[in-house]
Amino acid sequence: MDAYSTIIHQAVEAAGRSVVKIERLDVQGKVTGTGSGFFFSSDGYLFTNSHVVRNGSAFNVMLHDGSVYPATLTGEDPDTDIAILKSTAYDFQVAQLGHADALQIGQLVIAIGNPLGFQHTVTAGVVSALGRSLRSETGRTMEGLIQTDAALNPGNSGGPLINFRGEVVGVNTAMIRGAQGLCFAISIDTARLIAAELMQTGKVTRAHLGLLLQQVNLVPKLRSGLELKNKTALFVTGVEPGSPASKAGIADGDIVVSFNDVPVETSDALFRLLDREKIGQFQFIRVIRQSRLVELRVTPVARKAA
């Protein structure tokens, strides 16, 4: 094989056996949907998508060798399209989790799924955008997304997005409007935070601003002129009507650089700051507007349930 093929092969070998097929069952035990997932802990916990498990009464997971085990739903978060299953399987590979904050535009990434069992589907591409906030097919805003040109089929939803070392950097989702021919993945850093809450309480409650964002680089001249520590920031591509961000006066084209005086370089960083303690409390957000720094006061709310 050539060098490029060898890199992909070795990465898939490192992570592939952690990937499973997931079957969603109704109360009669009939399969009503399928997707992919992957083990992230030695005690049988799996990442998958919320939309893969939604309305399921029971679940099966099929491992790489064709063996099938039941699984139970630990919890799901529709806002990030993340769900956690707990399987009774005992002989499986655990995926090695990496960090999405180290990703660069143009970096090689690989999407793996297991929609049929017995064999994986693999597509490769490059990172084309980071820190994206987009609307899902349900109308929800999904934040901190990684965009690549690795094609993704619906049956591969919930599988891992890996780097050339086989480390998981995202959880693939096929629930983005107009995503044909593209792959969007929830950052593994966001997924880690969600998993911790789901495994502890079975649900997620976080503060919400109502922003659509895109991670961008800040030019050195602007950083120097405004005395900013940030190398990157979050460009506002949309503001939800009636949202806390809208009421605070944040507008399309603003660039978010800090939250409560903490520099914000990625969507994951902002997500970490928007914990449940911020709900209903005045917070300060700083944006670049027309090459000037503007500080605004915003009161986050808890996102309404679907």
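This report walks through the cavities, the nonpolar cores and a few residues of the structure above.

The model is predicted, so local features need pLDDT of at least 70 and side-chain atom pairs count only at pLDDT 80 or more, while totals for chains, interfaces and linings use all residues. Residues are numbered from 1 along each chain as its sequence is written, and side-chain values use heavy atoms, with hydrogens and water left out.

**Cavities**

Let us begin with the empty space. A cavity here is a set of points on a 1 Å grid over the protein atoms alone where a 1.4 Å probe fits but cannot get out, and its lining residues have an atom within 4 Å of a point. Points are joined across faces, edges and corners, and a volume is the space filled by probe spheres set on them. The model holds two cavities of 30 Å³ or more, and the largest has a volume of about 80 Å³. Its lining includes S133, E143, H208 and F271. By type, the lining residues divide into six nonpolar, five polar and one charged; Ala, Val, Leu, Ile, Met, Phe, Trp, Tyr, Cys and Pro count as nonpolar, Asp, Glu, Lys and Arg as charged, and the others, Gly among them, as polar. Strands β9 (141-148) and β14 (211-217) and helix α6 (267-273) each supply at least two lining residues, with α6 giving the largest share, three residues. Helices (H or I, at least four residues) and strands (E, at least two) are DSSP runs, numbered from the N terminus.

**Two buried helix residues**

Buried means under 20% relative accessible area, exposed over 50% and partly exposed in between, with a 1.4 Å probe and protein chains only.

| Residue | Helix | Relative accessibility |
|---|---|---|
| S267 | α6 | 6% |
| I188 | α3 | 0% |

Contact means heavy atoms within 4.5 Å. Leaving out residues up to four places away in sequence, S267 touches G131, G144, L213 and L234, and the partners of I188 include F47, H99 and V171. The C-alpha atoms of I188 and H99 are separated by 6.5 Å, although the two residues are 89 apart along the chain.

**Nonpolar cores**

A nonpolar core is a set of buried Ala, Val, Leu, Ile, Met, Phe, Trp, Tyr and Cys residues joined through side-chain atoms within 4.5 Å. The largest has 43 residues, of which F47, I82, L103, I146, L161 and V171 touch the most other members. Helix α3 (residues 188-201) supplies the largest share of this core, five residues. A second, separate core of 19 residues includes L234, F259, V264 and L296.

Notes
On a 1 Å grid over the protein atoms alone, a cavity is a set of points where a 1.4 Å probe fits but cannot get out, and a pocket is an open set with protein on both sides within 12 Å along at least five of seven lines; lining residues have an atom within 4 Å of a point.
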